[in-house]
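I opened my notebook to look at how the pieces of this chain fit together. Here is what I looked up.

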Amino acid sequence: MNTQLTEDTLFLSTQAENIWHLNTALLGKVAIELNEIAADSIVFLSPGNPLPESALRHVRAVICTHDNLNIETLSAQTEIPIIVVSEKTIFSQGDVITISERGRIHRLFRASSRNNALLVTEVCNNLCVMCPQPPKPESEINHGDNEQRILKTLALIDDKHFPETLCITGGEPTMLNEGLLNIIEAISDRNQQTLIHLLTNGRYLSQESYTARLAQKGHHQLLAGIPLFGHVSEIHDYVVQCEGAFNQTMAGLLNCYRYGIDIELRVVLNKITVKYLSALAEFISRNLFFVKHIALMGMENMGYAKLNREAVFIDPWEYKDMLSDTIEIFQLYGIDVRVFNLPLCIVNEDTQTYCKQSISDFKNSWSPVCNSCVKRDACCGFFSSSTDKFWLSNHISPFVTNPEKKHLSFGG
Ligand code: SF4
């Protein structure tokens, strides 16, 4: 499947084409407007925009695109680091980035986005069969360094860009232990109105005293996104590849309820979980009635989901009736339910109103057939990982005003 992806991505990771005077790694805030340049800014210089010498004295580094004719002059004029990137690289005023000694650039915060996520660790204590971002070994990660990087990032975000919602993700964020509490506290200190969306497997939240402290640091602005993959331990523990995980996650969910942390219960829809979906819906409705909402989530075809495709992949078209029945169960019990990551054309009509535009802008893509679809503005589209080889569905077809023209088939 051909998909089109926006170039301006949050998780920008690009290699500089050339570097001058860069002797040490940098972490800093991008300035583009001359009047926004402050001490320690990393200035992103557009080609026709000269930098006055007075401003140059204070900045930490200058990034310019390779079509900038002033690069040679600039490098002779100053000892500050100059980093040359492709003209496709886009930065916004207020972005927070790191530049390694070798010129690798990572964007940690994108000022112009509403979907900012802080990746606090790449280590996890689960090993889910469909994990889109398989964890790294614990030995490769220094949690103290991660914590400091996140705290510095938070400190660099301008007040005017400080987001209404900030996602904390991993790996498993609770593996930072005290470090996570410090990060939550730092966000709350900056803005007590910011909703902190913590994506966690919930196992460590079975530690009652930890969850109590987490709730206290979060000042009731904490929404824990916790996955549950089955109504019995055998299913959940198999999906997360960890014995005992179900019991810990359940204890974590109850502790969240006890200490007033809102819960978004996440069910990833795959070949294993959809088989028992209505049983899971009954279990949740009877035992976890306190959750704020349920997110039924289409799977992202990356990482282990690609590797284990045979075992976990199912075309969402095949479970659309099961999805309708499951939503009906939650409706009967008065539980708020949303459907994430599933395009409108592959769910039943009664499911469409529950579908959300859930795919973050930095990893959202579309099929060419979507151009003619009248529901495109309400649809979530695809993860950019959907490709000809790792397609999502054989049943993508645009909605058109004339129903006769519907069901142009493609994909596969
Ligand atoms: S064809 Fe329409 S409904 Fe289907 S994925 Fe594209 S925009 Fe969404």
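My entries below go from helix pairs to single residues.

**Before I start.** I keep in mind that this is a predicted model.

**Entry 1: helix pairs.** I noted first how such pairs get described: by the angle between the two axes and the distance between them.

I began with H4 and H5, the latter covering residues 208-218. Their axes are 8 Å apart and the angle is about 20 degrees. An angle under 35 degrees counts as roughly parallel, so I wrote down H4 and H5 as roughly parallel to each other. The crossing is right-handed. On the H4 side I found Leu181, Ile184, Glu185 and Ser188, and they meet Arg213, Leu214, Lys217 and Gly218 of H5. Sorted by class, that contact has three nonpolar, two polar and three charged residues.

Next I looked at H8 (residues 277-287) with H11 (residues 320-332). I got an angle of about 10 degrees and axes 9 Å apart. That makes H8 roughly parallel to H11. This crossing is right-handed. Leu277, Ser278, Ala281, Glu282 and Ser285 are the H8 residues here, and in H11 they meet Met322, Asp325, Thr326, Ile329 and Phe330. I sorted this contact into five nonpolar, three polar and two charged residues.

Then I turned to H6 (residues 233-240) and H7 (residues 245-258), which pack at about 100 degrees with axes 8 Å apart. So H6 is roughly perpendicular to H7. From H6, the contact uses Ser233, His236, Asp237 and Val240, while H7 brings Ala245, Phe246 and Asn247. The classes here are three nonpolar, three polar and one charged.

**Entry 2: helix H3.** How many residues does H3 have? I got 14, covering residues 143-156. From first C-alpha to last, H3 reaches 20 Å, close to the 20 Å expected at 1.5 Å a residue. I then listed its buried residues: Asn146, Glu147, Ile150, Thr153 and Leu156. What do they pack against? I found four strands, E4 (26-31), E8 (96-99), E9 (104-109) and E10 (117-119), plus helix H4 (178-190).

**Entry 3: Phe44.** I found Phe44 in strand E5, residues 42-45. Is Phe44 buried or exposed? I counted 23 other C-beta atoms within 10 Å, so Phe44 is buried. Leaving out residues up to four places away in sequence, Phe44 touches Val30, Ile32, Ile63 and Phe91. I also checked Thr65, which is 21 residues from Phe44 along the chain, and their C-alpha atoms are separated by 8.6 Å.

**Entry 4: backbone details in loops.** I looked up a cis peptide bond, and it joins Gly170 and Gly171, with omega about 20 degrees. Gly171 sits in the loop between strand E11 (165-169) and H4.

His219 caught my eye next: its phi is near 50 degrees, a positive value in a residue other than glycine. I placed His219 in the loop between H5 and strand E13 (222-227). It has 16 C-beta neighbours inside 10 Å, so I put His219 down as partly exposed.

Asn341 also has a positive phi, about 70 degrees, although Asn341 is not a glycine. Its loop runs between strand E16 (337-340) and helix H12 (349-352). With 23 other C-beta atoms within 10 Å, Asn341 is buried.

Note on methods: Residues numbered from 1 in each chain as written. Predicted model: local features only at pLDDT ≥ 70, side-chain atom pairs only at ≥ 80, totals over all residues. Axes fitted to C-alpha atoms, helices over the stretch in contact; angles between N-to-C directions. Helix = DSSP H or I, 4+ residues; strand = E, 2+ residues; numbered from the N terminus. Parallel < 35°, antiparallel > 145°, perpendicular 65-115°, else oblique. Contact = placed C-beta atoms within 7 Å. Nonpolar A, V, L, I, M, F, W, Y, C, P; charged D, E, K, R; others polar. Left-handed = near helix turned anticlockwise from the far one by under 90°. Expected span 1.5 Å × (residues − 1). Buried ≥ 20, exposed ≤ 12 C-beta atoms within 10 Å, placed from the backbone.
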